[in-house]
Each structure stands twice: as C-alpha cells, then as structure tokens.
Amino acid sequence: GNVTAFQLATFTVTAWLRVTAFGTTNYSSVAGTFGWNHNYDAGVGYGMVTTTAGKLAGALDPDGYGNTQITPGATTLSTNRWYFGTVSCADTSIKIYLDGNLDGSASGLSIVDAWSDFTIGAMWRAQFSRMTLGFDGKIDDVRLFNRELSASEIQALHQASRGGYVSEWNWIKRPPSYFFD
C-alpha cells in the first residue's frame, strides 16, 4: 500500500464500535496508523483506541519511538452497545467525541510520525510478523479525513449514520485474516 497517503498531522477518524470486552494490557486498536512499520521502526502515529479502563481514547506518537500519548474521554463505555467514536487532531490539540458530543481533549501535543499502515481493529507488529492489541468487538463505517472536522460536522455525521445499519459480517477468528491497503 501507499503508506505516505496516511501521513497526516491534521486528521479526523470516525467509526461505529461495539466493544465485547476491553483489553487487559495497554490499549486496543480501533483504527489508525498503529504499529511498527515494515523496517521495524517503533511508532504509533495516530488513531482511535479503547483503554483497559473502558474509555474511548485518541493515540498520538510524538517522537517515533513508541512513547504513545493516550488521551481518554471521560465516559466509561458499556460492553455490547454501539457507540459513534471520533478522534480529531489539529496542530497541538486532540479531541475525543462520543456519539457526537465532546468527551475529552488535550493540548500541547504533537504528531511527528505517521508512517505505518492504516489498520482497523489491530496493530501491525512487523518484528513479530503479526497483528497485536486487537479490538474485541465490532467496528463499522470507519472514515478517515485529512482535516479536523468541526463539532457540528461530527454531530451531523453521527445523526446521518444512525439507523443506517445494513449488514453484519461475522469474521471467524481462526485463522486470522488481515487486510492491507
């Protein structure tokens, strides 16, 4: 794939997510440029994750050495319930929205490295030749924008996509299948 297409310092990523269980170590990847690249260089880049405490969060790697800054929202997610999550970043600030409403933010951050593949539901670990930190649940309608969306645009996306559920794919976990762009 063309990894450079995902080198965004300003971005918004949205997704519908339904958590079955929260991870027990670090965080679980929903969508973003997560992981170690194919040259075994460390780094996360940016994206949306869930924390072990059950929060939707934004993830930024400020230095390319895997020192990931996790910015959680305030709301504790319930399992087996659909949420519309959004992580938006511009300049030095990151905002986390849940169901169209601002749920958390931080400033004074920076994004330097975003050269990994864009993945959904897991993090690519080239040194292990496998995906890790997988999301346990369902993810739908992932969107990536190369700009920060306004609060009204995020609310409009949330409202427009409510009730638009069309089908469900049941991915069998053995053996795991991964798709790369």
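In this predicted model, β8 and β9 make a hairpin, with just two residues sitting between the strands. One residue in that turn, Asp-99, has a positive phi of about 55 degrees. Strand β9 covers residues 101–106, and its pairing with β8 is antiparallel, held over five bridges. To pick out one pair, Lys-95 has Ser-105 in β9 as its bridge partner.

On to the hairpin made by β7 and β8. Here, too, two residues lie between the strands, and Asp-91 in the turn shows a positive phi of about 55 degrees. The two strands run antiparallel and are joined by six bridges. Val-87, for instance, finds its bridge partner, Ile-96, in β8. Strand β8 thus turns up in both hairpins, with β7 and with β9.

Zooming out, what does the secondary structure of the chain come to? It adds up to 13 strands and one helix. Walking along the sequence, the pattern reads β-β-β-β-β-β-β-β-β-β-β-β-β-α, with the helix coming after the strands. Now for the contacts: among those with a separation of 6 or more, 64% link residues 24 or more positions apart.

What about the inside of the chain? Of its 181 residues, 47% are buried. In soluble globular proteins, nonpolar side chains tend to be buried together. The largest nonpolar core in this model has 21 residues, and Leu-17 and Met-48 are the ones with the most contacts inside it. Six strands each chip in at least two residues of this core: β1 (11–21), β2 (27–32), β4 (46–51), β5 (55–60), β7 (82–90) and β8 (93–98). The largest share, five residues, comes from β1.

Leu-17 deserves a closer look. Which residues does Leu-17 contact, leaving aside neighbours within four places in sequence? The list runs through Val-30, Met-48, Thr-50, Leu-56, Leu-77, Arg-81, Trp-82, Tyr-83, Gly-85, Phe-135 and Lys-138. Met-48 is on that list, so to speak, and it shares with Leu-17 the top spot for contacts inside the core. Besides this core there is a second, separate one of six residues, including Trp-16, Tyr-97, Ile-154 and Leu-157.

Finally, the outside. The chain exposes about 9100 Å², and 49% of that area is supplied by carbon and sulfur atoms.

Note on methods
Residues numbered from 1 in each chain as written. Predicted model: local features only at pLDDT ≥ 70, side-chain atom pairs only at ≥ 80, totals over all residues. Heavy atoms only, no water. Core = buried A, V, L, I, M, F, W, Y, C linked by side-chain atoms within 4.5 Å. Buried < 20%, exposed > 50% of the residue type's maximum accessible area, 1.4 Å probe, protein only. Helix = DSSP H or I, 4+ residues; strand = E, 2+ residues; numbered from the N terminus. Contact = heavy atoms within 4.5 Å. Pairing = 2+ DSSP bridges. Areas by Shrake-Rupley, 256 points an atom, 1.4 Å probe, with all protein chains shown as cover.
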